[in-house]
Amino acid sequence: MHQPLYPFSDTLVRRLREAERVAVLTGAGISAESGVPTFRDPDGLWQKFRPEELANVEAFLDNPTLVQGWYAHRRAVVEDVAPNDGHRALAALERWVVGRGGEFLLATQNVDGLHRRAGSESLVELHGTITRSHCIDCHAPAHESALEAGPLTCENCGGLVRPDVVWFGEALPEEAIGRATEAAAMADVYLSVGTSSVVYPAAGLPQIARQSGAYVAEVNPEPSDIAWRLHEQVRGRAGDILPEIVGALGAAMPRPDEPLP
Ligand code: BV8
Ligand code: ZN
C-alpha cells in the first residue's frame, strides 16, 4: 500500500478508491501558494480592510471608487499569478474520478478563476468571479479599464460598474449553490480544502456531506471552524497534500505547461 509522505490516512485513500461520487469545496487557502492573499490569515486581506467596509453593496454605494480600486488591485494580483499544484491536483482528481465512470464536482468560494485555468471543468463558483464586471443598473457586462479619477461607470447607461462577485448579504447564484448542495448530499467522499469555514452557506456544505454519510476530510495547515465535525483533518498545505493524495490513487498530475485536453 502506498505509504503517503503526508499525514492522511489509508482510509481516505481507500474511500476515494471505492467512491462513485466525489465532491470538493475550496477556499482562499488553495490559492495562497499561488501568491493570492487569503482573507483571514495573519497577512490576509481582512487584516487591512474589514469585509463590512468593502465586500457589501452599502460599502460599494458609499464609496464606489474605493471598492472598485480594491477589486482592480485584486484582479491585477490574480492576472499575475498561475495555478499551483493544489489546483492541478484537483483537476487530476476530477479526470481520475470521471475516467472511472464516477461523478465529480468542485465548488469554490474563490473568485480568482485559478481552478478553471488549472483545467477543472466540473466546477461552480459559489461567490462569483472578479474576472468579470457588470453595470448595477442595466446589468450590461462592463470592461474594467484602469481607474481614473472617480468611479467607473457603464458605457451604456452611466450606471456604476461592479465585479461579478457575491457580497455579504447577497444570495449566491442559485444554480451554483444548488449543484454544490446536491453534490454534498450525494457524495461518498467530500474534501474541504483551504477554507476557514466561517462564511455560510458554503461552510454548511461539508456538514451536509457528513450528515448524508460521506467520508469528510479537510486539508488545511490549521483547523477550520468546523474541523471537529469532520472525519479527518489533514494538516498541511494544499499544494503539498493534494498531489500526494492524487499520487496515492495513481492519477496523473497535469504539468504546468500542459495544454488542456
Ligand atoms: C447570504 C466576496 C443570504 C467576494 C465574500 C451569522 C451566522 C451565519 C451566517 C451569517 C451570519 N450573519 C450573516 C451571515 C451570512 C454571511 C456570513 O456567512 N457571514 C459570516 C462572516 C458570519 N453570508 C453571506 O452574506 C452570504 N450570503 O447569506 O445571503 C441571502 C439569501 C437570499 C437572499 C438574499 C440574501 C454571502 C457570502 C459571500 C460573501 N462574499 N467575498 C470577494 O471579495 O472575494 S466572502 C469571503 O470569505 C470570500 O469570498 C471567501 O471565499 C470567503 C471564505 O473565506 P475563505 O475562502 O475560507 O478564506 P479565509 O482567508 O477565511 O481562510 C483561508 C483558509 O486557508 C484558512 O483556514 C487557512 O488556514 C487556510 N490556508 C492557508 N494557506 C493554505 C491553507 N489551506 C491549505 N493550503 C494552504 N497553503
Ligand atoms: Zn448600464
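**A tour from the sheet edge to the zinc site**

Begin in this predicted model by selecting Glu218 together with Gln233, which is the bridge partner of Glu218 in strand E9. Widening the selection to strand E8 (residues 215-219) and E9 shows two strands that pair in the parallel sense over 3 bridges.

Next, bring in the rest of the sheet, an open one in which 6 strands are arranged in the order E3-E2-E1-E7-E8-E9, with parallel pairing. At its edges lie strand E3 (123-125) and strand E9 (232-234), each of which pairs on one side only, and the average turn between neighbouring strands, direction ignored, is 15 degrees.

Now select helix H7 (residues 85-99), which packs on this sheet and touches strand E1 (21-26), strand E2 (103-108) and strand E7 (189-193); viewed along E2, the direction of the helix makes about 155 degrees with that of the strand.

Then move to the zinc ion (ligand 2), where the sulfur atoms labelled SG of Cys135, Cys138, Cys154 and Cys157 coordinate the metal at 2.2 to 2.3 Å. The site is tetrahedral, with angles of 100 to 118 degrees among the 4 donor atoms, and along the chain these donors follow the spacing C-x2-C-x15-C-x2-C. Cys135 and Cys157, 22 residues apart, link distant parts of the chain, since Cys135 belongs to strand E4 (residues 128-135) whereas Cys157 sits in the loop between strand E5 (141-142) and strand E6 (161-165).

Finally, compare the surroundings of these two cysteines: is Cys135 buried or exposed? Cys135 counts as buried because its relative accessibility is 0%, while Cys157 is partly exposed, with a relative accessible area of 42%.

Methods:
Residues numbered from 1 in each chain as written. Chains lettered and ligands numbered in written order. Predicted model: local features only at pLDDT ≥ 70, side-chain atom pairs only at ≥ 80, totals over all residues. Heavy atoms only, no water. Donors = N, O, S within 2.8 Å, 3.2 Å for Na, K, Ca; no water. Tetrahedral: all angles 85-135°; square planar, octahedral: opposite > 155°, others 65-115°. Helix = DSSP H or I, 4+ residues; strand = E, 2+ residues; numbered from the N terminus. Buried < 20%, exposed > 50% of the residue type's maximum accessible area, 1.4 Å probe, protein only. Pairing = 2+ DSSP bridges. Axes fitted to C-alpha atoms, helices over the stretch in contact; angles between N-to-C directions. Contact = heavy atoms within 4.5 Å.
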